[in-house]
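Me: I have this model open and would like a close look at one part of it, the charged side-chain pairs and the elements that carry them. Please take me through it slowly, and go on to the neighbouring parts where that helps.

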Amino acid sequence: MNTEHYFDWAATSPSDQAILRDALECSLQNWGNPSSTHQLGKEAKKAITQAREKAAEVLGVKAETIYFTSGGTESDHIPLLSVLNKPSKGRVLISSIEHPAVREEAKELQKCGWEVISIPADEKGIITAEAVEKLLTKDTMLVCVMAVNNETGSIQPIYEIADIIKKYAGEGRKPKFHVDCVQAAGKIPLNISYDGIDSAAFSAHKICGPRGIGILYSKEPIDSFLRGGGQENGIRSGTENLFGIIAFAKCLEKYFIRRENQAASQSFEEQKKNTSDFIKELSEIKGCTIIPPARLQNQELFSPYVVQASFNNIPGNVMLRALDAQGFYISTGSACSSKKQNRPILEAMHVSAQLRESSVRFSFGPQTTKKAMDELIQAVKEINATFNG
């Protein structure tokens with residue numbers, strides 16, 4: 001599997017084949033339905049319990065707060081849909097830079113009579129705690145702010161936001177705070193056990209795991225809007241994906257950045273340096289604009305695994321196709337919105353229409369090398385020279 005010139009890790013990652021083989025072997029051995037009470041079912045259930053405990057240990061939370069889902073989208077939907085069980089309607093705050101999994105589902109809440117308010121981002125693509133505080137009301141039930149933006153890599157101040165929400169609530173009812181961590185897990189240090197974070201979403205295929213498996217962390221049990229057989233403690237019904245569950249736990253153990261995982265921490269530090277060099281070289285190309293420009297002054301506000309840039313006179317789709325023809329794979333934004341022409345995240349940052357049309361996303365992963373990034377820069381320079389002399 002040749003991933004050397006793959007620069008679309010934010011869309012999906014190449015699978016860790018050793019982990020997937022181990023997980024497949026385990027699932028073949030434990031093929032019973034985990035809900036069955038006979039021995040085969042008990043063995044499958046035990047395998048899930050062990051994976052849950054491993055995932056919880058890596059994430060630094062209790063095992064009973066981990067729920068396995070079909071992916072990041074479902075892990076975002078469950079907290080959102082849970083508000084439909086509330087006895088009265090209220091306000092939901094959604095950041096203006098959320099992934100479509102949150103942004104589009106929030107529109108459905110609006111149709112059901114909920115007041116859905118978009119939290120404005122600043123020019124850096126950051127949702128500040130102050131911006132959240134201004135919109136909090138006594139009837140605010142839920143606040144959703146992602147940890148790392150999937151298009152610009154901007155790191156959101158989720159801990160400061162959690163503090164603001166707690167401070168606002170005082171002795172009254174605290175709004176729930178949900179964090180989409182899909183682009184953060186394995187990409188930046190992360191502490192979801194932080195007091196004030198109520199739930200968080202994760203997806204395996206972003207960190208070298210299989211598609212179709214996710215995790216919802218929920219500090220307290222959620223009153224799920226969707227019902228069924230009662231699996232995952234009633235939060236997410238449906239026969240469990242044993243293969244995916246085992247693989248995801250193993251991927252977290254290998255790739256999640258934490259003090260006990262020196263390899264992942266070292267990879268993170270190396271990527272920070274490589275991306276800093278990459279951005280410097282990009283910025284020196286005639287007609288190139290780093291989005292947001294503020295990233296050139298403070299790269300600590302951004303994940304080193306995602307870079308957004310625009311090239312004068314070159315529509316994003318043209319740059320994508322030109323690089324594709326040379327064997328370099330990038331994207332123009334979220335893969336989930338690739339068929340749509342608008343760029344709501346960049347619009348929320350007040351990026352001009354011209355820059356939005358010409359913007360592309362470069363995203364990296366643990367297998368990305370400095371050599372490959374240098375070769376990508378060279379290819380971009382050659383394509384850019386064709387259009388900009």
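## A salt bridge between two loops

Reply: Happy to. Lysine 174 and aspartate 198 form a salt bridge, and their closest N and O atoms are 2.5 Å apart. This pair links distant parts of the chain: lysine 174 belongs to the loop between H6 and strand E5 (176-180), while aspartate 198 sits in the loop between E5 and strand E6 (199-203), 24 residues apart. Please keep in mind that this is a predicted model.

How buried or exposed are the two partners? Lysine 174 is partly exposed, at a relative accessible area of 24%. Aspartate 198 has 11% relative accessibility, and it counts as buried because the cut-off for that is under 20%.

This is one of 25 salt bridges in the structure. Another one involves H6 itself. Here lysine 166 pairs with aspartate 163, with 3.7 Å between the closest N and O atoms. Both residues lie in helix H6 (residues 158-169), three residues apart, or about one turn of the helix. Lysine 166 is partly exposed at 29% relative accessibility, and aspartate 163 is partly exposed too, with a relative accessible area of 32%.

For a further pair within a helix, turn to helix H12 (residues 370-388). Lysine 371 and glutamate 375 are four residues apart there, so about one helical turn separates them. Their side chains meet in a salt bridge, 2.8 Å from N to O. Lysine 371 is partly exposed, its relative accessible area being 49%, and glutamate 375 also counts as partly exposed, at 27% relative accessibility. Back at the H6 pair, there is a wider network to see: salt bridges with shared partners join Asp163, Lys166, Asp195 and Lys219 into one group.

Now for the sheet that E5 and E6 belong to. It is an open sheet of seven strands in the order E1-E7-E6-E5-E4-E2-E3, and its pairing is mixed. Strand E1 (66-69) and strand E3 (115-119) stand at the edges with a single partner strand each, so one side of each has no neighbour in the sheet. Neighbouring strands are turned by 20° against each other on average, direction ignored.

Within this sheet, strand E2 (residues 91-95) and strand E4 (residues 140-144) run parallel and are joined by four bridges. If you want a place to find the pairing, arginine 91 has threonine 140 in E4 as its bridge partner. Helix H3 (residues 72-82) lies across E1, E2, E4, E5, E6 and strand E7 (214-218), and runs at about 160° to E6. H6 also packs on the sheet, where it touches E4 and E5, and its direction makes about 170° with that of E5. This is the same H6 that carries lysine 166 and aspartate 163.

From the edge strand E1 you can step across to arginine 52, in helix H2 (residues 39-59). Its side chain reaches the backbone oxygen of isoleucine 66 at 2.8 Å. Leaving aside residues up to four places away in sequence, arginine 52 touches Ala63, Ile66, Tyr67, Phe68 and Glu232. What is its accessibility? Arginine 52 is buried, with a relative accessible area of 14%.

Just before H2, asparagine 30 is found in the loop between helix H1 (17-29) and H2. Asparagine 30 is buried, with a relative accessible area of 14%. A polar atom of its side chain lies 2.9 Å from the backbone oxygen of cysteine 26. With residues up to four places away in sequence left out, asparagine 30 touches Glu43, Ala44, Ala47 and Leu242.

To finish, here is another sheet to set beside the one above. Three strands form an open, antiparallel sheet in the order E8-E9-E10. Strand E8 (288-291) and strand E10 (359-363) are its edge strands, each pairing on one side only, and the twist from one strand to the next averages 30°. E8 pairs with strand E9 (residues 306-311) over four bridges, where cysteine 288 stands opposite phenylalanine 311 in E9. Helix H8 (residues 262-283) lies across E8, E9 and E10, at about 5° to E9.

Key
Residues numbered from 1 in each chain as written. Predicted model: local features only at pLDDT ≥ 70, side-chain atom pairs only at ≥ 80, totals over all residues. Heavy atoms only, no water. Salt bridge = Lys/Arg side-chain N within 4 Å of Asp/Glu carboxyl O. Buried < 20%, exposed > 50% of the residue type's maximum accessible area, 1.4 Å probe, protein only. Polar contact = N/O pair within 3.5 Å; in protein donor to acceptor, adjacent residues only side chain to side chain. Contact = heavy atoms within 4.5 Å. Pairing = 2+ DSSP bridges. Axes fitted to C-alpha atoms, helices over the stretch in contact; angles between N-to-C directions.
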